[in-house]
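I opened my notebook to look up a few points in this structure. My entries follow in the order I made them.

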Amino acid sequence: MSESSKPSVLFVCVKNGGKSQMAAGLMRQVAGDTVIVYSAGTKPGTAVNELSAQALLEVGVDITAEQPKPVDYELARDVDLVVTLGREATLDPLPGTRVENWDTDEPSERGIDGLDRMRLVRDDIATRVQQLHTALTSSTS
C-alpha cells in the first residue's frame, strides 16, 4: 500500500467535536498531503464544537463540515501514532501501536471561557502539531 510511504496519525478526544478535530485540522493545514490524518472520539458527540470551529476559522482552517466519529480500533492499530488529547480520552490497549497523550491546556481551570478559551486551546494544540509534523516527516522509519 502506498499509505506506508506517508506517516499517519489518529487524534482522539472524548467527543471528537473539539480538540481532536482541531488537531486534525491544524495537522492537515501544516502537513498538506505529507501526513495521513484521522480523528475520532471515545464517546463521539453529535457535532463539531462551534467555538472550536470558529477559533480555527481565524487561522484559515475550516472544520465546519466534519462530523464526530467513533474510534476505529482497526485503524488505530494501523496508524503510526495515536494521540489522545486531554486527560479524559482513554482507549483500549493497542499493542504495537505508539500512543502519546497531549495533556492540553485547559484555560477554563483558570476561569477563561468562550472563544478566548478556544483560542488558547487552539494555540497550544497548534504548537504541538508543528512539533509532531516535524518529527513525523523528518524520521526515516
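**An aromatic pair**

I began with two residues and found Phe-11 buried and Trp-102 buried as well. The model is predicted.

I then counted aromatic pairs and got one. Phe-11 and Trp-102 form that pair, and I noted it as tilted. Their centres are 5.7 Å apart, with 55° between the planes. I wrote "tilted" because planes under 30 degrees apart count as stacked and those over 60 as edge-to-face.

Where do Phe-11 and Trp-102 lie? I placed Phe-11 in strand β1 (residues 8–13) and Trp-102 in strand β4 (residues 98–102). The pair therefore ties together parts that are 91 residues apart in sequence.

**Helix α4**

Next I looked up α4, which runs over residues 114–138. I noted 25 residues and a reach of 36 Å from the first C-alpha to the last. That is close to the 36 Å expected at 1.5 Å a residue.

Which residues of α4 are buried? My list includes Leu-115, Met-118, Val-121, Ile-125, Val-129, Leu-132 and Leu-136. Charged names are in it too: Arg-117, Arg-122 and Asp-124. I also asked what covers the buried residues of α4. The cover includes β1 and β4, along with α1 (19–31), α2 (50–57) and β3 (81–85).

**His-133**

I closed with His-133, which lies in α4. Is His-133 buried or exposed? His-133 has a relative accessible area of 16%, so I entered it as buried. Its side chain makes a polar contact with the side chain of Thr-34, at 3.3 Å. Leaving out residues up to four places away in sequence, I found that His-133 touches Met-27, Val-30, Ala-31, Thr-34 and Val-35.

How values were computed. Residues numbered from 1 in each chain as written. Predicted model: local features only at pLDDT ≥ 70, side-chain atom pairs only at ≥ 80, totals over all residues. Heavy atoms only, no water. Helix = DSSP H or I, 4+ residues; strand = E, 2+ residues; numbered from the N terminus. Buried < 20%, exposed > 50% of the residue type's maximum accessible area, 1.4 Å probe, protein only. Polar contact = N/O pair within 3.5 Å; in protein donor to acceptor, adjacent residues only side chain to side chain. Contact = heavy atoms within 4.5 Å. Phe/Tyr/Trp six-rings, centres within 6.5 Å; stacked < 30°, edge-to-face > 60°. Expected span 1.5 Å × (residues − 1).
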